[in-house]
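Ready for a few exercises? Work through each task with the model open, then check your steps against the solution.

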Amino acid sequence: MAAKRKTPVKTRNPDLVRGVGKYSRSKMYHKRGLWAIKAKNGGVFPRHDPKPKSPATAEKPPKFYPAEDVKKPLLNKRKPKPTKLRASITPGTVLILLAGRFMGKRVVFLKQLTSGLLLVTGPFKINGVPLRRVNQSYVIATSTKVDISGVNVEKFDDKYFSKEDKKKLPEEKKENQKAVDAALIKSIEGVPDLKAYLAARFSLKSGMKPHELVF
Amino acid sequence: MPFKRYVEIGRVALVNYGKDYGKLVVIVDVVDQNRALVDAPDMVRGQMNFKRLTLTDITIDIPRVPKKKTLIEAMEKADVKNKWENSSWGRKLIVQKRRASLNDFDRFKLMLAKIKRAGVVRQELSKLKKDTSS
């Protein structure tokens with residue numbers, strides 16, 4: 001393959017109508033500069049001889065042939081797309097967790113990790129949910145938003161959550177939790193009742209119809 | 001038990017079915033036994049089956065099939081909007097709409113307010129009980 005240009009060139013021959021270019025064959029010959037290439041090469045268009053092929057090493061016949069023809073599986077070039085984040089989930093949204101140990105808890109959404117999972121925190125002091133990853137499908141997004149501008153979540157990624165030492169929670173993780181929560185708790189306390197709201201669990205009561213509820 | 005609300009030209013009705021659900025419309029003409037020509041300031045004049053309408057107490061003074069401008073003026077003169085919003089039926093609908101649009105945080109705050117109010121009521125009640133028993 002010839003070296004690719006850094007930016008693709010616009011066509012030298014714009015379409016007047018589909019199928020009809022602006023410039024004629026002779027004009028295009030001139031525009032492409034084929035006359036200059038020929039001039040540099042002494043009136044003849046340069047021709048490169050095909051590169052000599054290196055002699056292929058003689059393949060030894062295999063010792064073993066399978067009894068039936070073995071089919072080669074088809075090549076799969078599929079690249080999975082990054083998980084689409086629902087439009088209702090933005091940094092600072094209060095989410096309701098629907099499954100797992102913290103089911104029913106209302107937590108604050110921080111950011112979406114590269115694996116597609118959502119990084120979420122209680123904050124820990126308010127409802128006992130630590131910095132945690134959660135799947136978008138097990139979450140209801142409410143329309144309540146918390147101001148998250150004072151929080152730095154750059155350093156958290158999927159590797160942070162890999163579990164090597166299952167026994168003890170390292171001090172560093174506790175410090176990280178405290179740092180993230182400090183700024184969050186301040187902005188939460190600015191809104192009346194929001195702290196109690198996050199501390200309470202969500203549950204369906206009699207008469208509540210989930211398909212009619214506005215979250 | 002006679003009827004009090006009649007279908008007449010100028011009767012304001014509430015649409016209870018279909019695309020215009022919940023809207024107030026004015027009957028501007030009667031098409032036949034089952035259908036009325038109906039109009040409102042923000043919709044195109046069209047026919048509606050009476051079954052889709054619930055009559056209200058409000059009527060306005062209009063000629064048969066008035067122009068949109070005349071209709072709007074007559075509605076302003078009769079002050080349909082305020083009469084409706086102050087009537088107990090209209091107020092109930094407004095409250096229903098508000099309750100349906102509460103978000104999860106609002107429902108939580110509502111619960112706190114209800115508990116607080118119940119606490120105040122219970123305190124007063126216990127005071128009264130003490131007064132009567134003593």
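Before starting, here's the yardstick: buried means under 20% relative accessible area, exposed means over 50%, and partly exposed is in between. Keep in mind that this is a predicted model.

**Exercise 1. Sort B:Asp42, B:Lys23 and B:Asp20 by exposure, then find the salt bridges of B:Lys23.**

Solution.
- Step 1: B:Asp42 has a relative accessible area of 57%, so call it exposed.
- Step 2: B:Lys23 comes in at 21%, so it counts as partly exposed.
- Step 3: B:Asp20 sits at 14%, so this one is buried.
- Step 4: Now the contacts. B:Lys23 pairs with B:Asp20 in a salt bridge, 3.4 Å from N to O.
- Step 5: B:Lys23 also forms a salt bridge with B:Asp42, with the closest N and O atoms 3.9 Å apart. That pair ties together distant parts of the chain, 19 residues apart: B:Lys23 is in the loop between strands S1 and S2 of chain B, while B:Asp42 is in the loop between S3 and S4.

**Exercise 2. Which residue of chain B forms a salt bridge with A:Arg106, and is A:Arg106 buried or exposed?**

Solution.
- Step 1: The partner is B:Asp104, with 3.0 Å between the closest N and O atoms. This pair crosses between chains, running from helix H4 (residues 104-133) of chain B to strand S4 of chain A.
- Step 2: A:Arg106 has a relative accessible area of 5%, so it's buried. B:Asp104 is buried too.
- Step 3: Look for shared partners. Salt bridges join A:Arg106, B:Asp104 and B:Arg107 into one network.
- Step 4: For context, the count over all chains is 17 salt bridges.

**Exercise 3. Find which residues make up the positive patch on the surface of chain A, then place A:Arg32.**

Solution.
- Step 1: The patch gathers A:Arg12, A:Lys22, A:Lys31 and A:Arg32.
- Step 2: A:Arg32 belongs to helix H1 (residues 25-32) of chain A. Its relative accessible area is 52%, so it's exposed.
- Step 3: Compare positions with A:Arg106: the two arginines are 74 residues apart in sequence and 65 Å apart in space, C-alpha to C-alpha.

**Exercise 4. Which residues form the nonpolar surface patch, and where does A:Val17 sit?**

Solution.
- Step 1: A:Leu16, A:Val17 and A:Val20 form the patch, sharing about 280 Å² of accessible area together.
- Step 2: A:Val17 is in strand S1 (residues 15-17) of chain A. At 53% relative accessible area, A:Val17 is exposed.

Conventions. Residues numbered from 1 in each chain as written. Chains lettered and ligands numbered in written order. Predicted model: local features only at pLDDT ≥ 70, side-chain atom pairs only at ≥ 80, totals over all residues. Heavy atoms only, no water. Patch = residues over 30% accessible without salt bridge, like charges linked within 9 Å, V, L, I, M, F, W, Y side chains within 5 Å. Areas by Shrake-Rupley, 256 points an atom, 1.4 Å probe, with all protein chains shown as cover. Salt bridge = Lys/Arg side-chain N within 4 Å of Asp/Glu carboxyl O. Lys, Arg positive; Asp, Glu negative; His and termini not counted. Charge placed at Lys NZ, Arg CZ, Asp CG, Glu CD. Helix = DSSP H or I, 4+ residues; strand = E, 2+ residues; numbered from the N terminus. Buried < 20%, exposed > 50% of the residue type's maximum accessible area, 1.4 Å probe, protein only.
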